[in-house]
Amino acid sequence: MDYVFVKDSEGYVFKKLQSEVSSDEKIISEKEYMKKSGLASYEKKFGHGGARENAGRKQKFSQPLKFQIRVTEEEKEFISYAREHNFNYSSIMQK
């Protein structure tokens with residue numbers, strides 16, 4: 001099974017079996033295939049694959065999620081009081 005790189009009459013490039021190449025397709029080099037297909041830009045540049053070093057999504061903050069709820073003024077005062085006095089919720093919930 002010998003694969004070759006071909007370019008069709010519309011300029012599209014792809015890899016296919018040599019036995020499947022039609023008369024309107026032109027056999028091209030691997031270098032030309034890489035350039036025309038855009039794969040050459042993803043070759044190894046910094047010792048690994050990818051367009052550039054550290055490419056990809058990053059977390060914006062160290063804690064990506066922040067839980068927020070709406071409470072009444074009375075509930076807000078209770079939460080503040082509990083925090084100031086080191087209220088232990090788990091011991092109360094067990095009783």
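**Figure 1. Burial and overall make-up of the protein.** Of the 95 residues in this predicted model, 13% are buried. The accessible surface of the protein amounts to about 9,200 Å², and carbon and sulfur atoms contribute 50% of that area. Three helices and three strands are present. Along the sequence these elements come in the order β-β-β-α-α-α. Among contacts in the protein with a separation of 6 or more, 10% join residues that lie 24 or more positions apart.

**Figure 2. Aspartate 8 in the loop between strands E1 and E2.** The loop that holds aspartate 8 runs between strand E1 (3-7) and strand E2 (13-17). Aspartate 8 has a relative accessibility of 19% and therefore counts as buried, since buried means under 20% relative accessible area. When neighbours within four places in sequence are left aside, the residues in contact with aspartate 8 are Phe14, Asp24 and Glu25. The view also takes in isoleucine 27, which is 19 residues away from aspartate 8 along the chain. The C-alpha atoms of aspartate 8 and isoleucine 27 are 8.9 Å apart.

**Figure 3. A patch of negative charge on the surface, made by glutamates.** The residues that gather here are Glu73, Glu74, Glu75 and Glu77. One of them, glutamate 75, belongs to helix H2, which spans residues 73-84. Is glutamate 75 buried or partly exposed? Its relative accessibility is 40%, so glutamate 75 counts as partly exposed. That class lies between the limits for buried, under 20%, and exposed, over 50%.

**Figure 4. A nonpolar patch on the surface.** Phe78, Phe87, Tyr89, Ile92 and Met93 together make this patch, which covers about 540 Å². Which helix supplies the largest share of the patch? Helix H3 (residues 89-94) does, with three residues.

**Figure 5. Isoleucine 92 within helix H3.** This close-up stays with the nonpolar patch and centres on one of its residues, Ile92. Isoleucine 92 is located in helix H3, the helix of residues 89-94 that gives the nonpolar patch its largest share. With a relative accessibility of 43%, isoleucine 92 counts as partly exposed. Also in the patch are the side chains of other residues, including Phe78 and Phe87.

Definitions and conventions: Residues are numbered from 1 along each chain as its sequence is written. This is a predicted model: local features need pLDDT of at least 70, side-chain atom pairs count only at pLDDT 80 or more; totals for chains, interfaces and linings use all residues. Side-chain values use heavy atoms; hydrogens and water are left out. Patches are made of residues with over 30% relative accessible area and no salt bridge: like charges are joined within 9 Å, nonpolar side chains (Val, Leu, Ile, Met, Phe, Trp, Tyr) within 5 Å. Accessible areas come from the Shrake-Rupley method with a 1.4 Å probe; for residues, only the protein chains shown count as cover. A salt bridge is a side-chain nitrogen of Lys or Arg within 4 Å of a carboxyl oxygen of Asp or Glu. Lys and Arg count as positive and Asp and Glu as negative; His and the chain ends are not counted. The place of a charge is taken as NZ of Lys, CZ of Arg, CG of Asp or CD of Glu. Helices (H or I, at least four residues) and strands (E, at least two) are DSSP runs, numbered from the N terminus. Buried means under 20% relative accessible area, exposed over 50%, partly exposed in between (1.4 Å probe, protein chains only). Contact means heavy atoms within 4.5 Å.
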